[in-house]
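Q: Hi! Could you walk me through this one with me? I'll throw quick questions at you as I look.

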Amino acid sequence: MQNRDIDEFFAEADLVGSVLRSDQPPVALWEFRGLGFPMLIQTQESVDRMRIVVFIGEAGELSSDQMRVLLEANYHSALDARYAITEGHLVALFLHPFEELSETQFILGLYQVINCAATCGTTFSGGMMVFGPPEEPSIGNDGARLVDEPRRDIRGEVIAMIRGGDEA
């Protein structure tokens, strides 16, 4: 993937007006909202890295128990996304080598970080499944297990999340 592919994704989805694109060489940035959460995509082609970040809230408000649950979610339910803390903010993020990133992986990364932000405090889920032994309860979900869902239009769902709607 390259920066122009991200530009094309937003253009094809008719989201260009919802995205602030800026470059601070050698870094390229896209800023927008997903389900109301502030988000950014940051790439640096020269070192083959990219990240998608969703800002969830202030990290200083987290108890040690909440921190433990977030770390457990990184293992069981956040999937390829992760909860992290940066500059005093709790974030969900997706990191990947940039050149090898496929469009499908990019869209799934967007989907998972938005879902991690939206479910923070409840299921702490990247949105599709939870790994772990069957007898182990899902984090924050009263013991219910999330299961792998059938294939669906994740791209359409991501576009709807960025538009602020709930229809794909």
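Q: Let's start with helix H1: which residues on its other side, away from the buried ones, are exposed?
A: Those are Arg4 and Glu12. Bear in mind that this is a predicted model.

Q: And which residues of H1 are buried?
A: Asn3, Ile6, Phe9 and Phe10, within a helix that spans residues 3-12. They sit on the same side of H1, because the arc they cover around the axis is only 120°.

Q: Nice. What do those buried residues pack against?
A: Strands E1, E2 and E3, plus helices H3 and H4, the last of these being residues 154-163.

Q: What about the phi of Asp14, just after H1?
A: Asp14 has a positive phi there, about 60°.

Q: Switching to the sheet: what's the strand order?
A: The order is E1-E2-E3-E4-E6-E5, in an open sheet of six strands with antiparallel pairing. At the edges are E1 (20-24) and E5 (82-86), each pairing on one side only. On average, neighbouring strands are turned by 30° against each other, direction ignored.

Q: How many bridges join E4 to E6?
A: Nine, and the two strands run antiparallel. One facing pair is Gly57 with Leu90 in E6.

Q: And between E5 and E6?
A: Five bridges, again antiparallel, with E6 covering residues 89-97. Here Ala84 is opposite Val91 in E6.

Q: Which residue has a positive phi in the hairpin of E3 and E4?
A: That's Asp48, with a value near 60°; four residues lie between the strands. E3 and E4 themselves are paired antiparallel through six bridges, and Gln42 faces Arg51 in E4.

Q: OK, helices again. Which strands does H3 lie across?
A: H3 (residues 103-119) lies across E2, E3, E4, E5 and E6, running at about 15° to E4. Helix H2 (residues 64-76) lies across E5 and E6, and its angle to E5 is about 135°.

Q: I'm looking at Gln112 in H3. Buried or exposed?
A: Buried: the relative accessibility of Gln112 is 4%, and the cut-off for buried is under 20%.

Q: So what is Gln112 in contact with, leaving aside neighbours within four places in sequence?
A: Gln112 touches Ala78, Leu79, Asp80, Ala81 and Gly126.

Conventions. Residues are numbered from 1 along each chain as its sequence is written. This is a predicted model: local features need pLDDT of at least 70, side-chain atom pairs count only at pLDDT 80 or more; totals for chains, interfaces and linings use all residues. Side-chain values use heavy atoms; hydrogens and water are left out. Two strands pair if DSSP finds at least two bridges between them. Axes are lines fitted to C-alpha atoms, for helices over the stretch in contact, and angles run from 0 to 180 degrees between N-to-C directions. Contact means heavy atoms within 4.5 Å. Buried means under 20% relative accessible area, exposed over 50%, partly exposed in between (1.4 Å probe, protein chains only). The arc is that of the directions from the helix axis to the C-beta atoms.
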